[in-house]
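User: Hello! I would like to go through this model and hear the reasoning behind the labels. Could you take me through it?

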Amino acid sequence: MGNSVLDVQILHSLHLKGIPRKAPKVIPVFWHPPIADWIKVNTDGLSKGNPGIAASGGVFRNYRGFMKGFFGLCLGIQTAFFAELKSVILAVSFAWEKGWHSLWIESDSSAVISSLQNYTFKPPWPLLNEWRNCLSLIKKMNVIFSHIYREGNSIADKIANLALNFFDLTWWHADSGVVPSELARDMLGLPFYRSVS
């Protein structure tokens, strides 16, 4: 049963006993900065419909939590997994191009993190060549991967939503004036909260 008064009244009128649902557990979700001389990129992909209009985005930050820059791209009609994977491919490409060869990749897609750790993974065929190029760059870099709950990945999520408006791959510099409010929260080490059953 739900924990509403209406549920209790209905069950009582039927002379039934209900078993109340347990209250959800609330856990804090923290964004952690990388160590000195490393760059961390949080990536996200989304699809409004799955498949639906999709976009990828990511944000690069240094060990103090300061943004180095961020990117976004609208992908047209795609699945959420395609968008999540494309965001990691773009992130690795940007990191290589900018000389950030010690890279921590963090995503709220556990499927994408598993794909990065499994060299036998076969991506969607439109991404096959890009995926192979991504893996070849990763082999030349110091790269680690981690999963974060979506609550802790809110900046990348906002950027992916912003990217729905950009059909060309767009890079914003850290001083572009587009700074999500969650950045200060992450830099101060404040948590976001996730409700789990």
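Analyst: Gladly. Let us start with a cut-off: a residue is buried when its relative accessible area is under 20%, exposed when it is over 50%, and partly exposed in between. Please keep in mind that this is a predicted model.

User: Why is Thr43 called buried or exposed, whichever applies?

Analyst: The relative accessible area of Thr43 is 0%. Buried means under 20%, so Thr43 is buried. This residue lies in strand S2. Its contacts, not counting residues up to four places away in sequence, include Gly57, Gly58, Glu84, Val88, Asp108 and Ala156.

User: What makes Lys86 and Glu130 a salt bridge?

Analyst: The rule asks for a side-chain nitrogen of Lys or Arg within 4 Å of a carboxyl oxygen of Asp or Glu. Lys86 and Glu130 have an N to O distance of 2.5 Å, so the pair meets the rule. Lys86 lies in helix H2 (residues 80-97) and Glu130 in helix H4 (residues 128-139), so the pair ties together parts 44 residues apart in sequence. By relative accessibility, Lys86 is buried at 11%, while Glu130 is partly exposed at 28%.

User: How do you know that Arg194 and Glu151 form a salt bridge?

Analyst: Their side chains meet at 2.9 Å, N to O, and the limit is within 4 Å. Arg194 is in strand S8 (residues 192-196) and Glu151 is in the loop between strand S6 (142-147) and helix H5 (154-163), so this pair links distant parts of the chain, 43 residues apart. Both Arg194 and Glu151 are buried.

User: What makes Lys158 and Glu182 a salt bridge?

Analyst: The N to O distance between Lys158 and Glu182 is 3.2 Å, which satisfies the limit of within 4 Å. Lys158 belongs to helix H5 and Glu182 to helix H6 (residues 182-187), so parts 24 residues apart in sequence are tied together. Lys158 is partly exposed, with 40% relative accessibility, and Glu182 is buried, with 12%. By this rule the count comes to 5 salt bridges.

User: How many disulfides does a search of the whole structure find?

Analyst: The search finds 0 disulfides. A disulfide would need a pair of cysteine sulfur atoms within 2.5 Å. Cys74 is buried, at 5% relative accessibility, and Cys134 is buried too, at 3%.

User: What is notable about phi in Asp37?

Analyst: Asp37 has a positive phi of about 75 degrees although it is not a glycine. Asp37 sits in the loop between strand S1 (25-29) and S2. Its relative accessibility is 73%, and exposed means over 50%, so Asp37 counts as exposed.

User: Which peptide bond is cis, and where is its proline found?

Analyst: The cis bond joins Asn50 and Pro51, with omega about 5 degrees. Pro51 is found in the loop between strand S2 (39-48) and strand S3 (52-61). Asn50 also has a positive phi, near 50 degrees, and is partly exposed, with a relative accessible area of 46%.

User: Why is Leu14 called buried or exposed, whichever applies?

Analyst: At 52% relative accessibility, Leu14 passes the cut-off of over 50%, so Leu14 counts as exposed. Leu14 lies in the loop between helix H1 (5-13) and S1. Together with Leu6, Ile10 and Leu16, Leu14 forms a nonpolar patch on the surface, with about 390 Å² of accessible area.

Technical notes. Residues are numbered from 1 along each chain as its sequence is written. This is a predicted model: local features need pLDDT of at least 70, side-chain atom pairs count only at pLDDT 80 or more; totals for chains, interfaces and linings use all residues. Side-chain values use heavy atoms; hydrogens and water are left out. Helices (H or I, at least four residues) and strands (E, at least two) are DSSP runs, numbered from the N terminus. Buried means under 20% relative accessible area, exposed over 50%, partly exposed in between (1.4 Å probe, protein chains only). Patches are made of residues with over 30% relative accessible area and no salt bridge: like charges are joined within 9 Å, nonpolar side chains (Val, Leu, Ile, Met, Phe, Trp, Tyr) within 5 Å. Accessible areas come from the Shrake-Rupley method with a 1.4 Å probe; for residues, only the protein chains shown count as cover. Contact means heavy atoms within 4.5 Å.
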